[in-house]
Amino acid sequence: MPQIQVQDRTLSCAEGANLRQVLLQEGVQLYNPPAHIVNCHGLGTCGTCAVQIEGEVSPMGWRERTRLSLPPHQLSKGLRLACQVQVFGDLKVTKWLGMWGEKLPAAPPA
Ligand code: FES
């Protein structure tokens, strides 16, 4: 059973589970305001469920690739849309800043 590290928590889910559904069911704050109110509810069109993922997940499909190619996203950032991702192994999930989760958090001062 895959384990997901997110926001200082560790969750378990079934292999193949939809990442967005798992995070929302567990009360994880997947959306940054105001996207927690205004989002596409998993259709893969709004882009606000974007997260950084380390671990084994399903490959990117055309819908996800298309949305992540449009501003404010950039495919080169390597983010994924949680609503389009199936969990296939242990993950570390990080939510970035900004309404779309597209802004990399500043590194802490050295
Ligand atoms: S919820 Fe809109 S793209 Fe994922």
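Two people talk through how residues and strands in this predicted model get their labels.

Colleague: Why is S58 called partly exposed?

Modeller: Count the neighbours. S58 has 15 other C-beta atoms within 10 Å. Buried needs 20 or more, and exposed needs 12 or fewer. The count of 15 falls in between, so S58 is partly exposed.

Colleague: Where does S58 lie?

Modeller: In the loop between β3 and α2, which spans 62–68.

Colleague: What does S58 touch beyond its sequence neighbours?

Modeller: V85, Q86 and F88, leaving out residues up to four places away. Take V85. S58 and V85 are 27 residues apart in sequence, yet their C-alpha atoms are 5.7 Å apart.

Colleague: What makes P33 exposed?

Modeller: P33 has 9 other C-beta atoms within 10 Å. The cut-off for exposed is 12 or fewer. The count of 9 meets that cut-off, so P33 is exposed. P33 is found in the loop between α1 and β3. The C-alpha atoms of P33 and G101 are separated by 9.9 Å, with their places 68 residues apart along the chain.

Colleague: Why are β2 and β4 said to stand at the edges of the sheet?

Modeller: Read the strand order: β2-β1-β5-β3-β4, in an open sheet of five strands with mixed pairing. β2 (9–12) and β4 each have a single partner strand, so one side of each is left without a neighbour in the sheet.

Colleague: How do you know that β3 pairs with β4?

Modeller: Two bridges join β3 to β4, residues 80–81. Pairing takes at least two bridges, so β3 and β4 count as paired. The two strands run antiparallel. V51 stands opposite R80 in β4.

Colleague: How many bridges link β3 and β5, and in which sense do they pair?

Modeller: Five bridges, in the antiparallel sense. I53 stands opposite V93 in β5, and E54 stands opposite K92 in β5.

Colleague: Which residues touch the most other members of the largest nonpolar core?

Modeller: L23, C49, V51, L81 and A82, out of 22 residues. Four elements each supply at least two residues of this core: β1 (3–6), α1 (19–25), β3 (50–57) and β5 (87–94).

Colleague: How do you know that L23 is buried?

Modeller: L23 belongs to the core. Core membership is limited to buried residues, so L23 is buried.

Colleague: Which residues is L23 in contact with, leaving aside neighbours within four places in sequence?

Modeller: V6, V28, L30 and A82.

Colleague: Why might one expect such a core?

Modeller: In soluble globular proteins, nonpolar side chains tend to be buried together.

How values were computed: Residues numbered from 1 in each chain as written. Predicted model: local features only at pLDDT ≥ 70, side-chain atom pairs only at ≥ 80, totals over all residues. Core = buried A, V, L, I, M, F, W, Y, C linked by C-beta atoms within 7 Å. Contact = placed C-beta atoms within 7 Å.
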